[in-house]
Amino acid sequence: MTLSIANLRAGYGNTEVLHDVSVPNIEGGAFVGLIGPNASGKSTLFKTLAGLVTPIAGSISIGDDDVTHLRRKDRARRVAYMPQAFGCNALLSVFESVLLALKQTTGWRVESDNLDRVSDTLRALGLSHLANRGIAGLSGGQAQMVAVAQTIVRAPEVILLDEPTSALDLHHQLSILTSIRNEMDLKKPVVMAALHDLNLAAKFCDRMVLLCEGFILADGPPEHLLALPEIGKTYRVETDLEQTKRGALYVDARLSA
């Protein structure tokens, strides 16, 4: 299974935000980091892929199927989207909220395998200890991790995560991305995540896409893309790409003089 985006144009009303965006042949099991400054079009791209924004032109293909004309409910079975701002009924427990997310795409009758899938997802993400905790009693970081569980539990072909680590401390950033990576290795979905931390993206992503003002500026593996001069120009900083003693990539960024 592959995800391909070709010549995509989209926006709101008379304002075009995405301009001829193409990201070809993302293979199942790939982790793609979508990077770029604020207001570059990342959220609009995710909403368009998820069917929340109707494209002006272009195609979005999953395997051999162009999904741009699918009904939103049908698209939701194949593409799961976690937005920056997420909400859930505060009266529900963590387990119930994840089960509710699953049932939105599988019908409302609860089967035993549904309960098993929720339990397995919480376990995989290290959230089992929160299963009976009320959503209202969670910290911001815990609530964000539950939102990731709500997205992953549906076992879609494409997972879109809009800033999944924004409310997490360093330990939980590493924990949640490691867990997502492990789930990918098992189930082989395409995962695309908008990430502001370039070093975190370099650590976990197989491929990175640089978006600025609605245009794709670069697309490639982290060791190639993060070395490009477009990185510094886009973020209005000066950068050097280095390697740590362990061989990890590190972007050393500083304000331009």
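Let me start with Leu127, which is buried in this predicted model, with a relative accessible area of 1%. Leu127 is found in the loop between α4 and α5, and, leaving aside residues up to four places away in sequence, Leu127 touches Leu122, Met145, Val146 and Ala149. For a sense of the distances across the chain, the C-alpha atoms of Leu127 and His19 are separated by 39 Å, with their positions 108 residues apart along the sequence.

From that loop I would like to go to the helices, beginning with α3 and α4. Helix α3 covers residues 94-106 and helix α4 covers residues 112-124, and their axes come within 10 Å and cross at roughly 120°. Angles from 65 to 115 degrees would count as roughly perpendicular and those over 145 as roughly antiparallel, and α3 and α4 are therefore oblique to each other. The crossing in which α3 passes α4 is right-handed. On the α3 side the contact involves Val94, Phe95, Val98, Leu99, Leu102 and Lys103, and these meet Asn114, Leu115, Arg117, Val118, Ser119 and Leu122 in α4. Sorted by class, the residues of this contact between α3 and α4 are eight nonpolar, two polar and two charged.

Helix α3 also packs against α5, where the axes come within 8 Å and cross at roughly 35°, and here too α3 passes its partner, α5, in a right-handed crossing. Val94, Ser97, Val98 and Ala101 of α3 make this contact together with Val146, Ala149 and Gln150 of α5, and by class the contact of α3 with α5 has five nonpolar residues, two polar residues and no charged ones.

What, then, is the angle at which α5 and α6 pack? The angle is about 10°, with the two axes 11 Å apart, and since angles under 35 degrees count as roughly parallel, α5 and α6 are therefore roughly parallel to each other. Met145, Val148 and Ile152 of α5 form the contact with His172, Ile176, Ile180 and Glu183 of α6, and the classes of residue in the contact of α5 with α6 are five nonpolar, one polar and one charged.

That brings me to the cores. The largest nonpolar core has 47 residues, and those with the most contacts inside it are Phe31, Leu122 and Ile180. Helix α5, residues 140-152, gives the most to this core, contributing six residues. If we take Ile180 and again set aside residues up to four places away in sequence, Ile180 touches Phe31, Leu125, Val148, Ile152, Leu161 and Val191. There is also a second, separate core, made of 29 residues, which includes Ile62, Tyr81, Val190 and Val209.

Helix α1, residues 42-50, is mostly covered, in that seven of its nine residues are buried. The buried residues of α1 are Lys42, Thr44, Leu45, Phe46, Thr48, Leu49 and Ala50, and the helix is followed by Gly51, whose phi is positive, near 90°.

Two further residues have a positive phi although neither is a glycine, and they deserve a careful look in the backbone. One is Asp20, which has a positive phi of about 55° and lies in strand β2, residues 15-27. The other is Glu163, also with a positive phi of about 55°, and found in the loop between β7 (158-162) and α6 (170-187). Is each of them buried, or partly exposed? Asp20, at 47% relative accessibility, counts as partly exposed, whereas Glu163 is buried, with a relative accessible area of 15%, the cut-off for buried being under 20%.

Asp20 leads me to my last residue, Asn7, which is found in strand β1, residues 2-12. Asn7 touches Asp20, Val21, Ser22, Ala57 and Gly58, not counting residues up to four places away in sequence. Asn7 is partly exposed, with a relative accessible area of 42%. Asn7 and Val209, the latter one of the residues of the second core, are 202 residues apart in sequence and 15 Å apart in space, taken C-alpha to C-alpha.

Technical notes: Residues numbered from 1 in each chain as written. Predicted model: local features only at pLDDT ≥ 70, side-chain atom pairs only at ≥ 80, totals over all residues. Heavy atoms only, no water. Axes fitted to C-alpha atoms, helices over the stretch in contact; angles between N-to-C directions. Helix = DSSP H or I, 4+ residues; strand = E, 2+ residues; numbered from the N terminus. Left-handed = near helix turned anticlockwise from the far one by under 90°. Contact = heavy atoms within 4.5 Å. Nonpolar A, V, L, I, M, F, W, Y, C, P; charged D, E, K, R; others polar. Core = buried A, V, L, I, M, F, W, Y, C linked by side-chain atoms within 4.5 Å. Buried < 20%, exposed > 50% of the residue type's maximum accessible area, 1.4 Å probe, protein only.
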